[in-house]
Amino acid sequence: MVTFPNNTAVQVTEFLMICFPGMQDTQHWLSIPLAPLLVLALGANVVLLLAIQQEASLHEPMYYLLAILSMLDVILCLTVIPKVLLIFWFNMKPISFAGCFLQMFIMNTFLPMESSTFLVMAYDRYVAICHPLRYPSIITEQFVIYAAIFIVFRNLLTTLPTPVLAARLNYCASNVVANCICANISVARLSCEDIRLNKLYQFVSVWCLLGSDLVLILLSYCFILRAVMRLQSGGAATKALSTCGSHLILILFFYTLLLVFIFTNKAGTNVPPEVPILLNVLHHLIPPALNPIVYGVRTQEIKQGIIKLLKYQQ
């Protein structure tokens, strides 16, 4: 609800996204790097998905997991970045009430899904290096199906209350969101009700999902390093670690950017408000742009699959 001076109240039907509060006259220049990054992210992921689909040698569980990651990247990019660019280019700040909470739901659900996918990929590397003889019997297509079900339902059930709790609030103060996206707390702050439950649930759910994923990923790499250290041949150790290189690079980018965003957001007045907003936008764009490129450059099978795909298109 929005309250006017004559004490009348109107039901909020839309929110206004102003992006960067202190950069209203200059924020459109940010579209210069964001637009090419969006094209790169979408193009690279689509090419990777097509290569995995058409190249028979890539019809393996490890590449199916990478395909899941690419699909999540595409969904997150399309959910956030086009709206940001529309605000910058055409000043299209309004977003419907339902559209705002749909965007909130997708962001809060699919971002942890990426984290869970990294966890499953870490387990894949753990089995490949620590139990190579059992790898074909453990990491199967059925395993990928079960992993996909786990990724979807675990995160869906945990994150669904976040937009539901926010949508149930009574919005009577303002409908101007000081953000580029419908982030949970940015929207909930506009209500005239107590939002401590919203903050508490987001804190608990984020750390339970992303925190547990990160701990288990680190644990899997501890086992991997221990197994590699026991190898007698230096060449075998290097080859074993090289198979984890792409995955490790992407994990470092994903979690480093996420942790920086969380800590700058918690810093409050010590950090300009534009910083966490920009980091949040970039976290929905930089990892999706990097993921297919890193794997395409570092994985010979994917590189060959992409080359064959491009030659076939010509």
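Colleague: What is the secondary structure of residues 204-228, and how far apart are the end C-alpha atoms?

Modeller: The chain over residues 204-228 is 100% helix and 0% strand, and its end C-alpha atoms are 35 Å apart. The model is a predicted one.

Colleague: Which record annotation covers residues 204-228?

Modeller: The unreviewed UniProt entry gives "transmembrane region" for residues 204-228, and likewise for 30-52, 64-89, 95-113 and 240-263. Such an annotation may be inferred rather than shown by experiment. In the model, the span 95-113 is 89% helix and 11% strand, with 25 Å between its end C-alpha atoms.

Colleague: Where is glycine 211, and why is it called buried?

Modeller: Glycine 211 sits in helix H8. Its relative accessibility is 15%, and buried means under 20%, so the term applies. The C-alpha atoms of glycine 211 and tyrosine 255 are 9.9 Å apart in space, with the two positions 44 residues apart in sequence.

Colleague: Let us turn to a pair of helices. How do helices H3 and H5 lie relative to one another?

Modeller: The axes of H3 (residues 97-130) and H5 (residues 141-159) come within 9 Å and cross at roughly 145°. The crossing of H3 past H5 is right-handed.

Colleague: Which residues of H3 and H5 meet?

Modeller: From H3 they include Phe105, Asn108, Pro112, Ser116 and Tyr123, and from H5 they include Phe143, Ala147, Arg154, Asn155 and Thr159. By class, this contact of H3 with H5 has 10 nonpolar, 6 polar and 1 charged residues. Arg154 is one of the residues that meet, and arginine counts as charged.

Colleague: Why is arginine 154 called buried or exposed, as the case may be?

Modeller: Arginine 154, which lies in helix H5, has a relative accessible area of 19%. The limit for buried is under 20%, so arginine 154 is buried.

Colleague: What makes the link between arginine 154 and serine 116 a polar contact?

Modeller: The two side chains are joined at 2.6 Å, and a polar contact requires a pair of N or O atoms within 3.5 Å. The value therefore meets the distance limit. The side chain of arginine 154 also reaches the backbone oxygen of leucine 209 at 3.4 Å. Beyond four places in sequence, the residues touched by arginine 154 include Cys208, Ser212 and Asp213.

Colleague: Where is serine 191, and why is it called buried?

Modeller: Serine 191 is placed in the loop between helix H7 (184-188) and helix H8 (196-229). Its relative accessible area is 9%, under the 20% limit, and it is therefore buried. The side chain of serine 191 reaches the backbone oxygen of alanine 188 at 2.9 Å. Apart from residues up to four places away in sequence, serine 191 touches Leu169, Asn170 and Tyr171.

Colleague: Why is alanine 178 called partly exposed?

Modeller: Its relative accessibility is 39%. Buried means under 20% and exposed over 50%, so alanine 178 falls in between. This residue is placed in the loop between strand E5 (176-177) and H7. Leaving aside neighbours within four places in sequence, alanine 178 is in contact with Ile18, Cys19, Pro21 and Ile277. Its C-alpha atom is separated by 9.3 Å from that of glutamate 274, which is 96 residues away along the chain.

Colleague: What is notable in the phi angle of cysteine 19?

Modeller: Phi is near 60°, a positive value in a residue other than glycine. Cysteine 19 is in the loop between strand E3 (14-17) and helix H1 (31-54). With a relative accessible area of 0%, under the 20% limit, it is therefore buried. Asparagine 91 likewise has a positive phi, near 55°, and lies in the loop between helix H2 (61-90) and strand E4 (94-96).

Colleague: How do you know that isoleucine 87 is buried and that glutamine 53 is exposed?

Modeller: Isoleucine 87, in helix H2, has a relative accessible area of 2%, which is under 20%, so it is buried. Among the residues it touches beyond four places in sequence are Met17, Cys19 and Cys180. Glutamine 53, in helix H1, has a relative accessible area of 55%, which is over 50%, so it is exposed. Glutamine 53 and leucine 309 are 256 residues apart in sequence, and their C-alpha atoms are 10.0 Å apart.

Terms used: Residues numbered from 1 in each chain as written. Predicted model: local features only at pLDDT ≥ 70, side-chain atom pairs only at ≥ 80, totals over all residues. Heavy atoms only, no water. Axes fitted to C-alpha atoms, helices over the stretch in contact; angles between N-to-C directions. Helix = DSSP H or I, 4+ residues; strand = E, 2+ residues; numbered from the N terminus. Left-handed = near helix turned anticlockwise from the far one by under 90°. Contact = heavy atoms within 4.5 Å. Buried < 20%, exposed > 50% of the residue type's maximum accessible area, 1.4 Å probe, protein only. Polar contact = N/O pair within 3.5 Å; in protein donor to acceptor, adjacent residues only side chain to side chain.
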